[in-house]
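Biologist: Could you walk me through this model and explain the labels you put on it? I would like to hear the reasoning behind each one.

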Amino acid sequence: MRVLIVDDEDMIRNVLKEYVEFEGNEAYEAADGMEAVRACRDNDFDVILMDVMMPRLDGFSAVKEIKKFKDIPVIMLSARGEEYDKLFGFEIGVDDYVTKPFSPKEVMARINVVTKRKAQREDTGDVVTFEGLTVDFAGRNVFVDGVKAELTPKEYEILFYFIKNKGIALTREKLLYDVWGFDFYGDDRTVDTHIKMLRANLKQYRKFIVTLRGVGYKFEV
C-alpha cells in the first residue's frame with residue numbers, strides 16, 4: 001500500500017512514516033498542500049494522510065483539488081476537532097478525520113478501514129441500473145434518465161451504501177457510523193438532511209429510498 005503523508009511538521013511526518021513502513025507499506029511525504037497536489041498528479045496512492053492547517057495551500061483546499069482528478073481515500077489530521085470542520089471535510093469527500101494528538105496505531109487502524117471500504121466499493125461492480133437510475137461506481141457518476149446528477153461526495157457515499165445494502169433496514173446510527181466514520185459525533189438530523197438532499201437529486205427515483213418510521217431507511221426496488 002502506498003501512503004502519502006502531508007504535514008508541515010517534520011516530526012509528525014517522521015512518526016507516521018515510521019509506523020506506515022513498519023506495517024510493510026510504502027510512505028511518501030509532502031510538506032504542504034501544493035506539494036501534495038503535485039505528488040498526486042504524478043503518482044498513484046492508496047490513501048492520503050492530510051493535515052488541515054498548512055502554509056501555501058491548506059489541507060481542505062488540497063483535497064478539493066485532488067478530488068478533481070483522482071479518487072483517493074483521505075484521512076484528515078487536525079488539531080481542531082470542531083464538528084463544523086468535520087462536516088466540511090466529509091462534504092468535500094474526506095473519508096475520516098483524526099484529531100491531534102493521536103496515536104499512530106489508531107491512524108493505521110483507520111487507514112485499514114478506509115482502504116477496505118474503497119475495495120468494497122470497487123467489488124460492487126462498475127455500473128448498476130434501477131429503472132432510469134444508473135450508478136457508475138468506477139466513475140463515481142449518477143445518472144437520472146440519462147442526465148448526470150450533481151451529487152456531493154457525501155450524497156454519493158450514502159447512495160453507494162444504500163445500494164450495497166439493498167433491502168436491508170438501516171438505522172440512522174448505523175449510517176452515521178459506516179458512512180461518516182466511527183468517531184463522528186453527529187446526530188439524526190445530519191443523516192436526515194443529507195438524505196433529503198439526495199432524494200431531491202434523484203427526482204422520481206427518490207422512491208427507492210424508503211423511510212422506516214422509528215427505525216431509519218431502506219433502499220428498496
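Biologist: Let me start with a single side chain. What makes F208 count as buried?

Modeller: F208 has a relative accessibility of 3%. Buried means under 20% relative accessible area, exposed means over 50%, and partly exposed is in between, using a 1.4 Å probe and protein chains only. The 3% of F208 falls under the first cut-off, so F208 is buried. Some ground rules: this is a predicted model, in which local features need pLDDT of at least 70 and side-chain atom pairs count only at pLDDT 80 or more, while totals for chains, interfaces and linings use all residues. Residues are numbered from 1 along each chain as its sequence is written, and side-chain values use heavy atoms, with hydrogens and water left out.

Biologist: How many aromatic pairs does the structure hold?

Modeller: There are eight aromatic pairs. In one of them, F130 and F219 sit 5.3 Å apart, centre to centre, with 65 degrees between the planes. This pair links distant parts of the chain, 89 residues apart: F130 lies in strand β6 (residues 127-130) and F219 in strand β12 (residues 216-219). Helices (H or I, at least four residues) and strands (E, at least two) are DSSP runs, numbered from the N terminus.

Biologist: Why is the pair of F130 and F219 called edge-to-face?

Modeller: Rings of Phe, Tyr and Trp (its six-membered ring) pair if their centres lie within 6.5 Å; planes under 30 degrees apart count as stacked, over 60 as edge-to-face and the rest as tilted. The 5.3 Å and 65 degrees of F130 and F219 meet the distance and edge-to-face cut-offs, so the label follows. F130 is buried at 12% relative accessibility, and F219 is buried at 0%.

Biologist: And what about F208 and F219: what kind of pair do they form?

Modeller: A tilted one, with 5.8 Å centre to centre and 50 degrees between the planes. That angle lies between the stacked and edge-to-face cut-offs, so tilted is what remains. F208 comes from the loop between α8 (188-202) and β11 (209-212), 11 residues apart from F219. F130, Y205, F208 and F219 make up one aromatic cluster.

Biologist: What makes you describe strand β4 as largely enclosed?

Modeller: Five of the five residues of β4 (residues 74-78) are buried, so the rest of the structure largely encloses the strand. V74, M76 and S78 point one way and I75 and L77 the other, and all are buried.

Biologist: How do you know that β4 pairs with β3 and with β5?

Modeller: Two strands pair if DSSP finds at least two bridges between them. Strand β3 (residues 47-51) is joined to β4 by four bridges, and the two run parallel. β4 and strand β5 (residues 96-99) also pair in the parallel sense over four bridges. Both counts reach the DSSP minimum, so both are pairs. As for partners, I48 has V74 in β4, and I75 stands opposite D96 in β5.

Biologist: Which handedness does the unit of β3, α3 and β4 have?

Modeller: With helix α3 (residues 59-66), β3 and β4 make a right-handed β-α-β unit. A crossover is right-handed if, with the strands pointing away from the viewer, the path from the first strand over the helix to the second runs clockwise.

Biologist: Which strands stand at the edges of the open antiparallel sheet?

Modeller: The order is β10-β12-β11, with antiparallel pairing. β10 (170-171) and β11 are the edges: each has a single partner strand, so one side of each is left without a neighbour in the sheet. β11 and β12 pair over four bridges, with V210 facing K218 in β12 as its bridge partner.

Biologist: How do you know that D136 has no salt bridge?

Modeller: D136, in strand β7 (residues 133-136), is buried, and the nearest side chain of opposite charge, K148, is 8.8 Å away. Lys and Arg count as positive and Asp and Glu as negative, leaving out His and the chain ends. A salt bridge needs a side-chain nitrogen of Lys or Arg within 4 Å of a carboxyl oxygen of Asp or Glu. K148 lies beyond that limit, so D136 has none.

Biologist: Is D58 buried, exposed or partly exposed?

Modeller: D58 has a relative accessible area of 26%, which falls between the two cut-offs, so D58 is partly exposed. D58 sits in the loop between β3 and α3.
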